[in-house]
Every structure is written in C-alpha cells, then in structure tokens.
Amino acid sequence: MAGAAIVIHDALGRWPEDLGFTTPPGWIRPEHHEEEQVRRQAFGSVTAAALIAGPVAPQHVDPALIDYFQQQLEGHYRADMFLGPHDLIGTVSAQYQLIDKPVRSAKGETRRGLLRVGAAYAALVGWLYQDAGDMDGAAFWRGVTQEITMRSRDPHLIGYSLVNQAQVRTDLGDGPAVIDLCEAALDDAGRLAPKVRVMSLQQQAHGASLIGDRNAVDHLIDQADGFVVLGRRRPAVGQRLPPDARVPRSAAGHLLRARPAPFRRR
C-alpha cells in the first residue's frame, strides 16, 4: 500500500485518502514520519545543553571561573542588543553546558557561585527562546532556570525564576497560572530585593488583566510603583539578571505601559 500511495502522490500530488480511496488500518503518510523526526531533532537541539548525563570525572574547580563566566555573560547581554536571539542561543546554551560540568565537582561557596551564574545563563537562554517566539524552548529553559535557582538557595533568584515562568504563561494567555506563580514568588516577599518584588507585582498585574480584574491590576501596579526607587538603589542579587529583569529608568511610564490599555486610568 505504501508503495502505491507514493506512486499516486508523485503522479497526482495528492495522497490516496485525499482522492477518496479507502486506506487500510494503521496507514500513516510517510510525511508524518518525517515531521515527527524533525520535531524530535528540534527538541533535542533545544534540550541538549541542559541534559548531559553523568557522572563526570572529578576535577579541581577554581573559584575564578565564576568571574570569568560572569564577564562572558555581560558580553552576551550587550551582543543581544545588536544580534538578536537567533544568533546567540547556540553560544549561550553551549556556555551553560560548560558551567554544568564544574558545578558537579565544585564544593561550598564555589559551587553556589557557579549555580548562581549558571541560573543567569539558563534564564538568558530561556529569554532568547521566548524573544524568538519559540515557546517550547522558552518553557523548557525557564524550567531549567527554576531548578538551578532552587539548588543555589538564593531567594532572589528563586523569585526571579518564578516570574520567568509567569512570563511564559502570560504569552500563553493563562492568567490564573500567572497569578499563581507571582503569588508564589511573593510568599516570602520580605526576603526579596525591591527589584524582584517589582517584577513579581508587575507580572501579576498582567495575569490579573488576562482575567479581566481591573481593580487588581490598579492595586498591583500601584504597589510595584512604590518599590521602584528602592529597586534602583539596591541591587537584586550578586549576579546580574537578564535584560528583562532591569528596573527601567522611567519606572512610572514603564509601569503605566504594563497596565493593559482597557485598564489604564483616564
């Protein structure tokens, strides 16, 4: 059957079922197999850098690696402004893979420091995928970010990773999930730097807008506005966060833009 179907398709440009022929049970067009293979290859390229099997050979880990990778990260932030996401995804994810190996051998504060910088790399990869419109890749790397931040025990990064997840759910139009994630980030708000609180409140306002709760949007944006000045004065974490984590210079205007148009105050 497969051979005859291919002959018909080559001759007429259509498959037998499109021409009204009855197909036997279990018949699947060859192109469907090819599409599935392409999907698997695409998924593999997205996840490969984060799913390296162990164990790895033990090695001495110099604490200077933390500063080295941090300096490289600063360069990636700058390059993103000129190159865009597609040109950087491969480079940044490969460097995340480089960080993952020494993390498995490092101890104490060196290990914690590498986990923190690794979380920043994973967050940047997720942000690049989201910026490129690849929500599958973004969701995967946001999950990697959350795992690494939990392992780092850094409350600011943990809160930031939850906001990352909420950003993905915002793009998917899932208001209740956005609110859940932001509320989780704010559960221990007293331990969070103002910058992370601003991000959490602002993203929660996006979630409230998705479910049509104007009062909540106004309340959350007003709360966030109160933390902006503090956020500029006090850095959120020892490691710099990706570009979407920056507290803007014109905070009032930025927060107003965050209020969806139907809910902006007249």
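A salt bridge here is a side-chain nitrogen of Lys or Arg within 4 Å of a carboxyl oxygen of Asp or Glu. Keep that in mind as you move through this predicted model, where the rule gives a count of 5 salt bridges. Three of these pairs make good stops, and a helix rounds off the tour.

**Stop 1: Arg151 and Glu147**

Select Arg151 and Glu147 and show their side chains. They meet in a salt bridge, with N and O 3.0 Å apart. Now colour helix α6, residues 135–152: because Arg151 and Glu147 lie 4 residues apart in this helix, about one helical turn separates them. Are these two side chains' residues buried, partly exposed or exposed? Arg151 is partly exposed, at 26% relative accessibility, and Glu147 is also in the partly exposed class, at 44%.

**Stop 2: Asp218 and Arg214**

Next, go to helix α10, which covers residues 214–233. Pick out Asp218 and Arg214, whose side chains form a salt bridge with an N to O distance of 3.7 Å. Here too the partners are 4 residues apart in the helix, so about one helical turn lies between them. Turn on a surface and look at each partner: Asp218 is buried, with a relative accessible area of 10%, whereas Arg214 is partly exposed at 36%.

**Stop 3: Asp100 and Arg104**

Now select Asp100 and Arg104. Their closest N and O atoms are 2.6 Å apart, and the pair forms a salt bridge. Asp100 has a relative accessible area of 11%, which is under the 20% cut-off, so Asp100 counts as buried. Arg104, at 32% relative accessibility, is partly exposed.

**Stop 4: helix α3**

Finally, select residues 64–83, which make up helix α3. What distance should separate its end C-alpha atoms at 1.5 Å a residue? For the 20 residues of α3 the expected span is 28 Å, and the end C-alpha atoms are indeed 28 Å apart, so the two values agree.

With α3 still selected, highlight its buried residues. They are Ile66, Phe69, Gln70, Leu73, Glu74, His76, Tyr77, Ala79 and Asp80. Then bring up what lies over them: the cover includes α4 (89–103) and α5 (108–131). Asp100, from the previous stop, is buried as well.

To finish, step just past the end of α3 to Gly84, which follows the helix. Check its backbone torsions in your viewer: the phi of Gly84 is positive, near 90°.

Conventions. Residues are numbered from 1 along each chain as its sequence is written. This is a predicted model: local features need pLDDT of at least 70, side-chain atom pairs count only at pLDDT 80 or more; totals for chains, interfaces and linings use all residues. Side-chain values use heavy atoms; hydrogens and water are left out. Buried means under 20% relative accessible area, exposed over 50%, partly exposed in between (1.4 Å probe, protein chains only). Helices (H or I, at least four residues) and strands (E, at least two) are DSSP runs, numbered from the N terminus. The expected span of a helix is 1.5 Å times one less than its number of residues. Contact means heavy atoms within 4.5 Å.
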